[in-house]
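Here are my notes for someone opening this entry without having seen it before. Please read them with the structure in view, taking the points in order.

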Amino acid sequence: MSENEDLEEKKLLGSGGYALARITEDEEIKANLGIPQIFLANVGRLSEDRFLKYYCNVCGKDFDGSPIIKYETPNEELGQGVVLVEKGEYKCKNCDNIIALYRKFNK
Ligand SMILES: [Zn+2]
């Protein structure tokens, strides 16, 4: 059994476009918050090979493969035990438009 067995192709919505990527059921449950749409911001960082293509609202077209993924791990204490572990963005490789932003907290 390959580890890709449980991956399903899904449309992940972002503020500046959307992406088609293969995600696991767990990732989907975590990201859809009980509504049918899945937001890229809630999925967080996926490896580039999970992406089939993405659509950029600014370019108005699809691109094959992954958007550019940029992230940092500030480990910034926000108070009351909440730590910003990682923040990142998915950007269009053609025009730099931000497809989606995400933030990952310690809880
Ligand atoms: Zn673009």
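**Notes on the predicted model**

1. The zinc ion is a good place to begin in this predicted model. Its protein donors are the SG atoms of C56, C59, C92 and C95, which lie 2.3 to 2.4 Å from the metal. Along the sequence these donor residues follow the spacing C-x2-C-x32-C-x2-C.

2. The geometry of this site can be stated plainly: the 4 donor atoms subtend angles of 106 to 113° around the zinc ion, and the arrangement is therefore tetrahedral. For tetrahedral sites with four donors, the ideal angle at a metal is 109.5 degrees. Two of the donor residues can also be described by their accessibility, since C56 is buried with a relative accessible area of 0%, whereas C59, at 25%, is partly exposed.

3. The largest nonpolar core comprises 19 residues, and those with the most contacts inside it are L12, L40, L46, F51, Y54, Y90 and I99. Two or more residues of this core are supplied by each of β2 (17–23), α2 (40–43), β4 (51–56) and β9 (98–105). If neighbours within four places in sequence are set aside, L40 is in contact with L12, L13, A19, F51, Y90, I99 and A100.

4. The largest pocket has a volume of about 230 Å³, and the elements that contribute two or more residues to its lining are α2 and β9. The largest share of that lining, 4 residues, comes from β9. Among the lining residues are K30, A41, N42, R45, E86, Y102 and F105.

5. Is S66, a loop residue, buried or exposed? S66 is found between β5 (61–64) and β6 (68–72), and it counts as buried because its relative accessibility is 12%, which falls under the 20% cut-off. Leaving aside neighbours within four places in sequence, the residues in contact with S66 are E48, F51, Y54 and K93.

6. Two further loop residues deserve a look at their backbone angles. N75, placed in the loop between β6 and β7 (76–79), has a positive phi of about 45° although it is not a glycine. Q80, which lies in the loop between β7 and β8 (82–91), is likewise a residue other than glycine with a positive phi, near 55°. As for accessibility, N75 counts as exposed at 52%, and Q80 counts as exposed at 80%.

Notes: Residues numbered from 1 in each chain as written. Predicted model: local features only at pLDDT ≥ 70, side-chain atom pairs only at ≥ 80, totals over all residues. Heavy atoms only, no water. Donors = N, O, S within 2.8 Å, 3.2 Å for Na, K, Ca; no water. Tetrahedral: all angles 85-135°; square planar, octahedral: opposite > 155°, others 65-115°. Buried < 20%, exposed > 50% of the residue type's maximum accessible area, 1.4 Å probe, protein only. Core = buried A, V, L, I, M, F, W, Y, C linked by side-chain atoms within 4.5 Å. Contact = heavy atoms within 4.5 Å. 1 Å grid on protein atoms, 1.4 Å probe; cavity = no way out; pocket = protein on both sides within 12 Å on 5 of 7 lines; lining within 4 Å. Points joined across faces, edges and corners; volume = space filled by probe spheres on them.
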